[in-house]
Amino acid sequence: MRGYKSVTEQAVVELRGIGKTFPLNGVTACDGVDLDIGRGETLILMGENGAGKSTLASLVTGKLKHDRGSIRFAEGASAGMVHQKPLIIHDFTVSDMIFGGNRELNRGLFYSAGKEKARVRDIFAELGYALNPEDRVGQLAPYQHQLIELAENLLMGRTVLILDEPEFPRLSSLLILLKKKGITPVIITHKVEDALELGQRIILMKKGRIVLDRSAGSDKLKEIVLENLIPETKKKPLTKQESSLSEGEKGQITVIVGHHESGLWDEEEKLARDYLSEDNGYIPSLNRKKAMEESWSVEENFMIHRRKSYTAPWGLLRKKSFLRDGMKSLEEYGVAARPGDRMNHLSGGNQKKLLLLREFQRSGNRILLSEPSSALDRANRDYLYNLIYRAKDEGKEVLMLTADPEEALRLGDRIIPLFKGTRGETLERGESNLAQLTALMGGSNR
Amino acid sequence: MKSLIKRKGPFLLFMMLSAYLLSAGIILSFHISPQIGLKSLFLSPFATSMALGNWLNRSVLFMISGTAVVYAFQGGEFNLGGEGQICLGGMVAVIFFSFMTGLWGPAGVLVALVLAAFSSGLLSALSGYIKNITGLSEVITTYLLSMGTIHVSRYFITGPFKDGDSYLVTTPEIPSQFQLPELLSPSHLNISLFFAIFLVMGTWLFLYYRPAGYDWRLCGVNGDFAAYCGVDRHKQTVRTLFVSGAVNGLAGAILIMGTSHRGIQDFFSGYGWNGMAVSLIGGNNPLLVIPSALFFSHLVQGAERLNLMGQFTYPLDGFIMAFIFLVVTSGRLHRD
């Protein structure tokens, strides 16, 4: 033990001078991070997209290897992660998803399905969520995918759990349960309100460094956090163009608002079929897999809808002239990407921006957005809202699906509440307030 | 082009080097006189102009059947029916020529190519159709249909179309006006060399520079994304398998017209599976099919030479192919 500083009584993980640089693009995602995670404390990790939160999490769980510094765990401690979008196999059942191929949980030669199912059922009952081990994973909601990963981590006996943008309903009671089991939760989130409500300690990262470390209840915490979250941007702000259209000719923003359990995704699927038949914009809710191909280049992803219009006499694609037009617009909107870069070398924020830009530039008169602001930081959210307003000014019909009533009230000219798969009465702008809308989403007031 | 070599080149080189090293290793361990063994494996294709021509001719056929596999993989479909599709293409050519003995040569060749491509394409597209209707995977149906076709072809070769005068189990020789002009007599190399290069370049242009090729690759790389971009996946499945089968049909017809000149029993043997190896070594890239085919046919030719000399009866090319499939499927398919 000589030469090592012993882990303190309370700390369950001790990070010293952690650094990580990705050799592929030379980005330093973590730069000298010192952090002690105390046993049983709810730690909140915040920061804008690309601040290094996910990288830090991957370093702690061991998914990535750090270049510099040291990570020390307390005796018997280990870290696991519940991803924002866990990788799933659609055709697997819940218990197959947890046990299949898991060496830590299946040491024997065979695995007994009955026993495993009982274990899965027990753990979900304990957590207070009804999830059948025999359900097909592909048919579940995203938060249930997170739940599966959570159960897997619990069964493997992880004592530090990193929850990336957890979407569980009743999160606070879940956290209490976890702590009773002796687990230290670390939450990565963009939601300031959630962070202040749930966290005992708030860490804020910026450019791979920790810039703020406060315990909950300290003075003016909310103001300080908000101030630190405002990104330093060199990008030129989108200027609202003077519209030549009069008020009557402008487009409208319609928002369908409801909980995921109310069938928001079914609604999206129904609408999408209609939108895809023409050159309308469409941002799907789980856009990472559906709306782009990560192994392809930026150029190939960006020109996808216009592949038919950039053709030379022999019917060959004129990539060069496309690039001139397309890349110029990317630059204009502050997306740092070269045409030849692979999509998965871009940061999450830039990927999303590129996607938004591509869809808003389509020629059709309508745009369908399904939860476009999820996992966006504040700067990118403003960017999105500007795009939406501008589309409206250009006379486009914007239809947005969201689970966030505040966002609905902020953007919607017309708001349609959704409850258990049926649409409620349409509300015009100014006709509703947050309390009423929340109630409508919950099925009351009918 | 530069980025292509940078991305896929190292893998190609690695496969070539390790396959050669492996075969050298096997020969050194098992051959009676390793020196002669190594020499015949590596140098026999260059020994005479006939050997050189045969090596190139085999490469040509591998390029065509490899391109068929490229089409399938790039479109996200598994076409395991290469053998049967090549067989069908060849048989269609043989039967067509046996009825049209008086036809002008070039016209007959063209019509035979079209017929062969069309019939093999239909055979393969049937698997796509079955997949769309019943959900049965094309992996199994292409293979089964291919096996069935091979047995039917055996009936034709040993029955109605058998050449009674020959000691071989074969159909009569096709009329000489339909035999492709040779380039490097007395080897089998013929003008299909130019066709193969044309086919490879055309495939490359199509897949990477045509809007339809864009759709093609979209389906191969990410089905959800393809649907999102408005590609009809069911249609594309049938289209992909049709084209893949059609190219195999071309390989079969060219095999008959340029190399064997008659429907010898199992004349197609090996070309379907080797085409798959060729495509996989080249990372399913149309352009890399050329070096990959040259390499693989060199290896097969050398191995055959070893067998002919009678001192080394192990199926060396089988070992190498197993090795290639193992390496490729363990990492390559998942990454691309």
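These legends walk through several close-up views of a predicted model.

**View 1. Chain B as a whole is built from helices.** Chain B holds 13 helices and zero strands. Following the sequence from start to end gives the pattern α-α-α-α-α-α-α-α-α-α-α-α-α. Of the 336 residues in chain B, 50% are buried. Take the contacts in chain B between residues at least 6 apart in sequence: 77% of them join residues at least 24 apart.

**View 2. Helix H7 of chain B lines up its buried residues on one face.** H7(B) runs over residues 192–209. Its 18 residues, at 1.5 Å a residue, should span 26 Å, and the end C-alpha atoms lie 25 Å apart, so the two values agree. The buried residues here are Ser192(B), Ala196(B), Leu199(B), Val200(B), Thr203(B), Trp204(B), Leu207(B) and Tyr208(B). Looking down the helix axis, you will find these buried residues within an arc of 130°, which means that they line one face of H7(B). The spacing has a simple background: an α-helix has 3.6 residues a turn, so residues three or four places apart point the same way. Now turn to the face of H7(B) that points away from the buried side: there sit the exposed residues Phe194(B) and Phe198(B).

**View 3. Other helices of chain B cover the buried residues of H7(B).** Among the elements that cover them are helix H3 (49–74) and helix H12 (289–308) of chain B. H8 and H10 of chain B are also part of this cover, and the next view looks at how that pair meets.

**View 4. Helices H8 and H10 of chain B cross.** H8(B) covers residues 211–221 and H10(B) covers residues 233–260. The two helices pack at an angle of about 100°, and their axes are 10 Å apart. Because angles of 65 to 115 degrees count as roughly perpendicular, H8(B) is roughly perpendicular to H10(B). On the H8(B) side, look for Asp215(B), Trp216(B) and Cys219(B); they meet Arg233(B), Gln236(B) and Thr240(B) of H10(B). Sorted by class, this contact has two nonpolar, two polar and two charged residues.

**View 5. Chain B touches chain A.** Chain B gives 13 residues to the contact, and chain A gives 18 residues. On the side of chain B, the elements that supply two or more residues are H7, H8 and helix H9 (223–228). That side of chain B divides into eight nonpolar, three polar and two charged residues.

**View 6. A cis peptide bond sits between Ser185(B) and Pro186(B).** For this bond, omega is about 5°. Pro186(B) belongs to the loop that runs between helix H6 (138–158) and H7 of chain B.

**View 7. His261(B) has a positive phi in a loop of chain B.** Its phi is near 60°, a positive value in a residue other than glycine. You can locate His261(B) in the loop between H10 and helix H11 (271–281) of chain B. Is this residue buried or exposed? His261(B) is buried, because 23 other C-beta atoms lie within 10 Å and 20 or more are enough to count as buried.

**View 8. Lys207(A) also has a positive phi, in a loop of chain A.** Phi of Lys207(A) is near 50°, a positive value in a residue other than glycine. The loop in question lies between strand E8 (201–206) and strand E9 (209–215) of chain A. Lys207(A) has 15 C-beta neighbours inside 10 Å and therefore counts as partly exposed.

Note on methods. Residues numbered from 1 in each chain as written. Chains lettered and ligands numbered in written order. Predicted model: local features only at pLDDT ≥ 70, side-chain atom pairs only at ≥ 80, totals over all residues. Axes fitted to C-alpha atoms, helices over the stretch in contact; angles between N-to-C directions. Helix = DSSP H or I, 4+ residues; strand = E, 2+ residues; numbered from the N terminus. Parallel < 35°, antiparallel > 145°, perpendicular 65-115°, else oblique. Contact = placed C-beta atoms within 7 Å. Nonpolar A, V, L, I, M, F, W, Y, C, P; charged D, E, K, R; others polar. Expected span 1.5 Å × (residues − 1). Buried ≥ 20, exposed ≤ 12 C-beta atoms within 10 Å, placed from the backbone. Arc of directions from axis to C-beta.
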